[in-house]
Amino acid sequence: MEDKQAKKSFKAGDVIMRQGEKGDCAYIIETGQVEILIEKSDGSTQQVGTRGEGTIIGEMAIVDEAPRTATVKALKDCTMLEISRDDFAMRLKSTDPVIQMISQVILTRYRDTLTRAEILGESNNYPPTEAIERNYTAQTDVVESVKIANEFKAALNNDEIDMHYQPIIDLGKGSVIGFEALMRWTHKEQGFISPGVFIPIAEKSGLIVEASKWAIKESCAALGRIEKAVGNTTPMYMSVNFSSHDFAEEDFVENLLRTINASAVTPEQIKLEITERLLIQQPDNAKETLQACRDAGMGIAIDDFGTGYSSLSYLYYFPIEVLKIDQSFVRAMYKEERSLELVKSIIGLGKNMGLNIVAEGVEHIEEARLLQDMGCDSAQGYYFAKPMSEEDVIKLLNSWEPVKISA
Ligand code: C2E
Ligand code: CA
Ligand code: CA
């Protein structure tokens, strides 16, 4: 892994970090010596220890965003290696998922112990009960995540994971032109677990990579079977969700193409749904990967458009084909003038750039009409159809009557 540690120098007497201020990095002391000072509630300062070469200071800031629990001052001239929270998170991400989560538990517990030993009772800045409560809650969350991650890993191998497909409708013709593939987990004991719960954990633990590979394989196969079953002459598309972890895989495009080519569908029938966040976080890497996907014929859709970053320049930079308007704007269109204007602007912007627009979360005919009037190409939502099994998709298509949108 690339070494991202920055070197810093401090003169004797310099304050390296201050109690109560937010910190986002830890330091490894290369040379020199520091003292750790606690400011008490009566305004006096007490030295609680010193640290020298090869030790680490400020490490709690890479665990969470709570303020510094002590002031650290250089006793001698020092050189330090900085470890940022982001760098730490990135390093952690490249390890085994269980190690990642256990490390988080240990580090959170460590903050808890230190908080009690060094701070509580000494300073008014950190009310004991609140600090302990916060850390216990964090621990419970982490332990729960480890549990879910382990169960999800098992679920991938024992048929508890399934794909559902939500039809996407052409607003002009009222026909089904494609689907969004959505993962479903039916736990043997607990029943349905929402993707809102397990997807973030699968992403955090890295298990999403295995899950995505399975999802794309299953979705391609399903689309092939659906088309065969309904005998459609116009090819439909399948839009599959991907995360930044998937893109970090070196052989991502190769694997994707191998999977598509082994199925009955063509790369032109596959769209990759990604969020703006992914593009902003890994711009160079993402551009190359997305371009390779585009060159192979696949489409790129920006999911939840409008909820992420304000800079729109990336729309020109990346080879994007589809914008998916987030459902929160669609829902608010009737209530807030601002949301209506926003949707109008997104459609206008997208159209000017030659992009396809899909509105998400359409629950009422009035929304569909309004969207069509504004020039939106297509939509998905409970008004048309909920995400459903492959079997139900075939039934639906076999009895599909074009939806009449305009009044
Ligand atoms: P998303 O990609 O924005 O997916 C759309 C979500 O909106 C789905 O939730 C869908 O069931 C829901 N939805 C569709 N129409 C309506 C509607 O009219 N009203 C309302 N209220 N909701 C509607 P779901 O299936 O619970 O998925 C939640 C999120 O989990 C997805 O949001 C996506 O971010 C993630 N996800 C789901 N499946 C996968 C997957 O296979 N891979 C990855 N990486 N993420 C997935
Ligand atoms: Ca999506
Ligand atoms: Ca979405």
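Glu180 is a buried residue, with a relative accessible area of 4%, and it offers a convenient way into this predicted model. Its OE oxygen is among the protein donors of the calcium ion (ligand 2), together with Asn241 (OD1), Glu273 (OE) and Asp303 (OD). These donors lie 2.1 to 2.3 Å from the ion. Along the chain, the donor residues of ligand 2 follow the spacing E-x60-N-x31-E-x29-D. Two of them sit in strands: Glu180 belongs to strand E10 (residues 176–187) and Asn241 to strand E12 (residues 237–241), so this pair ties together parts that are 61 residues apart in sequence. Asn241 counts as partly exposed, because its relative accessibility is 27%, and the cut-off for buried is under 20%.

A second calcium ion, ligand 3, has protein donors from Asp303 (OD), Asp304 (OD) and Glu360, whose OE atoms appear twice in the list. Here the distances run from 2.2 to 2.4 Å. The sequence pattern for this site reads D-D-x55-E. What bridges the calcium ion (ligand 3) and the calcium ion (ligand 2)? That residue is Asp303, and the two ions lie 3.9 Å apart. With a relative accessibility of 8%, Asp303 counts as buried. Asp304, in contrast, is partly exposed, at a relative accessible area of 25%.

Turning to the helices, H5 (residues 208–230) and H7 (residues 252–261) form a pair whose axes come within 9 Å and cross at roughly 25°. That angle makes H5 roughly parallel to H7, because angles under 35 degrees count as such. The handedness of the H5 and H7 crossing is right-handed. On the H5 side, the residues that meet H7 are Lys213, Ile216, Lys217 and Cys220. Their counterparts in H7 are Asn255, Leu256, Thr259 and Ile260.

The cysteines round off the picture. How many disulfides does a search of the whole structure find? The search returns 0. Cys25 counts as buried, at 5% relative accessibility, and Cys78 is likewise buried, at 2%. Cys220, for its part, is one of the H5 residues that meet H7.

Methods
Residues are numbered from 1 along each chain as its sequence is written. Chains are lettered from A and ligands numbered from 1 in the order in which they are written. This is a predicted model: local features need pLDDT of at least 70, side-chain atom pairs count only at pLDDT 80 or more; totals for chains, interfaces and linings use all residues. Side-chain values use heavy atoms; hydrogens and water are left out. A disulfide is a pair of cysteine sulfur atoms within 2.5 Å. Buried means under 20% relative accessible area, exposed over 50%, partly exposed in between (1.4 Å probe, protein chains only). Donors are N, O and S atoms within 2.8 Å of the metal (3.2 Å for Na, K and Ca); water is not among the atoms, so sites may look incomplete. Helices (H or I, at least four residues) and strands (E, at least two) are DSSP runs, numbered from the N terminus. Axes are lines fitted to C-alpha atoms, for helices over the stretch in contact, and angles run from 0 to 180 degrees between N-to-C directions. Angles under 35 degrees count as roughly parallel, over 145 as roughly antiparallel, 65 to 115 as roughly perpendicular and the rest as oblique. A crossing is left-handed if the near helix is turned anticlockwise from the far one by less than a right angle, and right-handed if clockwise. Contact means heavy atoms within 4.5 Å.
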